[in-house]
Amino acid sequence: MIETQAEQLLACLQAVTVSTKGHLRKLHNFYLSMNWLPWPFIPKRLWPEFRFQPTRAIIFEQHQLIIEREKNLERRNFYELCWHLGGSQSDIANFKAEDVD
């Protein structure tokens with residue numbers, strides 16, 4: 001990492017996703033805090049700003065369309081559970097009894 005040029009890091013930051021930018025910044029800051037780098041490649045105020053894509057949940061009409069088209073009863077019930085609990089599919093799939101307080 002010490003042989004990396006600032007121009008190389010900036011070019012990499014423009015070509016990657018927001019998540020990768022965050023990990024590169026954390027790695028850079030970790031190297032600085034451990035004194036593995038004598039100085040920062042890019043000063044803090046010059047790091048590119050993270051721009052996340054806007055996100056939103058589906059609306060009730062979209063949920064109804066999904067439910068109407070789903071032929072698999074088990075999967076349809078799973079989607080209904082996700083809707084009523086307000087969780088994503090992965091959150092609900094990983095839900096355990098120990099998670100309930």
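## Met-34, helix α2 and their surroundings

Let's start at Met-34, which sits in the loop between α2 and α3 (60–69). Keep in mind as you look around that this is a predicted model.

How exposed is Met-34? Its relative accessible area is 40%, so Met-34 is classed as partly exposed, given that the partly exposed range runs between the buried limit of 20% and the exposed limit of 50%. Met-34 also belongs to a nonpolar patch on the surface, together with Leu-27, Phe-30 and Trp-36. The accessible area of these four residues together is about 390 Å².

**Asn-35 and the end of α2**

The residue that follows α2 here is Asn-35, with a positive phi near 60°. Asn-35 belongs to the loop between α2 and α3, and the sign of its phi deserves a look, as the residue is something other than glycine. As background, most residues other than glycine have a negative phi. Asn-35 counts as exposed because its relative accessibility is 66%, and the threshold for that label is over 50%.

**Helix α2**

Does the length of α2 agree or disagree with its residue count? The helix has 16 residues, and at 1.5 Å a residue it should span 22 Å; its end C-alpha atoms lie 23 Å apart, so the two values agree. The expected figure takes 1.5 Å times one less than the number of residues.

Which residues of α2 are buried? They are Lys-21, Gly-22, Leu-24, His-28 and Tyr-31. The cover over the buried residues of this helix includes α1. Thr-20 is also part of α2, but with a relative accessible area of 33% it is partly exposed.

**The nonpolar core**

Moving inside, the largest nonpolar core has 8 residues: Leu-9, Leu-13, Leu-24, Tyr-31, Leu-37, Phe-41, Ile-42 and Trp-47. The elements contributing two or more residues to this core are α1 (6–15) and α2 (18–33). Leu-24 and Tyr-31 thus tie two parts of the picture together: they are among the core residues, and they are among the buried residues of α2.

What does Leu-9 touch, leaving aside residues up to four places away in sequence? Its contacts are Thr-4, Phe-41, Ile-42 and Trp-47. Of these partners, Phe-41, Ile-42 and Trp-47 are listed in the core as well.

**Pairs separated in sequence**

A few residue pairs help to show how the chain is arranged in space. Here are their separations.

| Pair | Separation in sequence | C-alpha to C-alpha distance |
|---|---|---|
| Gln-5 and Ile-42 | 37 residues | 9.6 Å |
| Gln-14 and Pro-48 | 34 residues | 8.5 Å |
| Thr-20 and Lys-44 | 24 residues | 17 Å |
| Gln-53 and Gly-22 | 31 residues | 15 Å |

Three glutamines appear in the table, and here is where to find them. Gln-5 lies in the segment before α1 and, at 46% relative accessibility, counts as partly exposed. Its partner in the table, Ile-42, belongs to the nonpolar core. Gln-14 is part of helix α1, and its relative accessibility of 70% makes it exposed. Gln-53 is located in the loop between α2 and α3, where it counts as exposed at 66% relative accessibility. The partner of Gln-53, Gly-22, is one of the buried residues of α2.

Technical notes. Residues are numbered from 1 along each chain as its sequence is written. This is a predicted model: local features need pLDDT of at least 70, side-chain atom pairs count only at pLDDT 80 or more; totals for chains, interfaces and linings use all residues. Side-chain values use heavy atoms; hydrogens and water are left out. A nonpolar core is a set of buried Ala, Val, Leu, Ile, Met, Phe, Trp, Tyr and Cys residues joined through side-chain atoms within 4.5 Å. Buried means under 20% relative accessible area, exposed over 50%, partly exposed in between (1.4 Å probe, protein chains only). Helices (H or I, at least four residues) and strands (E, at least two) are DSSP runs, numbered from the N terminus. Contact means heavy atoms within 4.5 Å. Patches are made of residues with over 30% relative accessible area and no salt bridge: like charges are joined within 9 Å, nonpolar side chains (Val, Leu, Ile, Met, Phe, Trp, Tyr) within 5 Å. Accessible areas come from the Shrake-Rupley method with a 1.4 Å probe; for residues, only the protein chains shown count as cover. A salt bridge is a side-chain nitrogen of Lys or Arg within 4 Å of a carboxyl oxygen of Asp or Glu.
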